[in-house]
Amino acid sequence: MTRRSDRVETWCSRLLLAVLVLGLPAASVSAGTAVHESTMRTVRAQAAERSQITAQVTSAPEAAPGSAADERQQVQLRWTDEDGRQRTGTAQVALDETAGSTVRIWVDREGNVTVPPMSASNAQVTGWMMGGMTAAGVYAGFVAARRGVRLALDRRRYAQWDAEWDRVEPLWSARFHR
């Protein structure tokens, strides 16, 4: 005959396992999809407010070999905006760009140099990562709940064993003191 606490533990384990099996995929897919859709809204908004133009490098400083600027350097640029006005600004470009060369840069609606808009692949990766982190969180919750149930039941079992021992021990130990 099994103890009541063992039956309770079995049923709690089954319930938690069912929640894990059903809840983990649902939570992961929901979180990943929500983050992907939110990030895609950002992608579309950035794409709508930024445009790529061609600018001319007006001055490019020499980067010291071995410096952090080995791959990119900050240069002065000049370009004509959509209204026909000459604009200037600075941007990070490849190290091999020299004064007079042309580069493609991104500008916002006000004509200020900005970073490229986020890509759809960024949104996809962000969605997958959030789905994975949600799965890890659900599993961690499962493990914590399972251990919590086990700990609570073990405390109850130990208390029952102590109470039983307190009743039986005087009778049992009396047999050896005759």
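**Exercise 1. Find which residues form a nonpolar patch on the surface, and place V21.**

Solution.
Step 1. L17, V21 and L22 form the patch. Together they have about 310 Å² of accessible area. Such areas come from the Shrake-Rupley method with a 1.4 Å probe, and for residues only the protein chains shown count as cover.
Step 2. Check the patch rule. Patches are made of residues with over 30% relative accessible area and no salt bridge; like charges are joined within 9 Å, nonpolar side chains (Val, Leu, Ile, Met, Phe, Trp, Tyr) within 5 Å.
Step 3. Place V21 in helix α1, residues 4–49. Helices (H or I, at least four residues) and strands (E, at least two) are DSSP runs, numbered from the N terminus.
Step 4. V21 has a relative accessible area of 53%, so V21 is exposed. The cut-offs are: buried under 20%, exposed over 50%, partly exposed in between (1.4 Å probe, protein chains only).

A note on the model: it is predicted, so local features need pLDDT of at least 70 and side-chain atom pairs count only at pLDDT 80 or more, while totals for chains, interfaces and linings use all residues. Residues are numbered from 1 along each chain as its sequence is written, and side-chain values use heavy atoms, with hydrogens and water left out.

**Exercise 2. State the order of the strands in the open sheet, and find its edge strands.**

Solution.
Step 1. The sheet has 5 strands, in the order β3-β2-β1-β4-β5. Their pairing is antiparallel. Two strands pair if DSSP finds at least two bridges between them.
Step 2. Look for strands that pair on one side only: these are β3 (86–94) and β5 (113–114).
Step 3. Add the helix. α1 packs on the sheet and touches β1 (50–59) and β4. Contact means heavy atoms within 4.5 Å. The direction of α1 makes about 50 degrees with that of β1. Axes are lines fitted to C-alpha atoms, for helices over the stretch in contact, and angles run from 0 to 180 degrees between N-to-C directions.

**Exercise 3. Describe β4: its bridges and its side chains.**

Solution.
Step 1. Start with β1. 7 bridges join β1 to β4, and the two run antiparallel. T54 has R104 in β4 as its bridge partner.
Step 2. Turn to β5. 2 bridges join β4 (residues 102–108) to β5, again antiparallel. W106 stands opposite T114, and V107 has V113 as its bridge partner.
Step 3. Follow the hairpin of β4 and β5. There are 4 residues between the strands, and G111 takes a positive phi near 90 degrees.
Step 4. Read the side chains along β4. V103, I105 and V107 point to one face and are buried. T102, R104, W106 and D108 point to the other face and are not buried.

**Exercise 4. Describe the pairing of β1 with β2, then list what G89 touches.**

Solution.
Step 1. β1 and β2 (residues 72–80) pair in the antiparallel sense over 3 bridges. V57 stands opposite L77 in β2.
Step 2. G89 lies in strand β3. Its relative accessible area is 15%, so G89 is buried.
Step 3. Leave out residues up to four places away in sequence; G89 then touches V75, Q76, L77 and W79.
Step 4. Compare two distances. G89 and V75 are 14 residues apart in sequence and 8.4 Å apart in space, C-alpha to C-alpha.

**Exercise 5. Trace the salt bridges of E9 and the network of salt bridges.**

Solution.
Step 1. Recall the principle: side chains of opposite charge can pair when their charged atoms come close. A salt bridge is a side-chain nitrogen of Lys or Arg within 4 Å of a carboxyl oxygen of Asp or Glu. The whole structure has 8.
Step 2. E9 forms one with R146, with the closest N and O atoms 3.6 Å apart. E9 is in α1 and R146 in helix α2 (residues 120–174), so the pair ties together parts that are 137 residues apart in sequence.
Step 3. E9 also meets R157 in a salt bridge, 2.6 Å from N to O. This pair links distant parts of the chain, 148 residues apart.
Step 4. Check burial. Both R157 and E9 are buried, whereas R146 is partly exposed at 26%.
Step 5. Add R3 and D6, whose side chains meet at 3.0 Å, N to O. R3 is partly exposed at 34%, and D6 is partly exposed at 24%.
Step 6. Join the pieces. R3, D6, E9, R146, R150, D154 and R157 are linked in a network of salt bridges.
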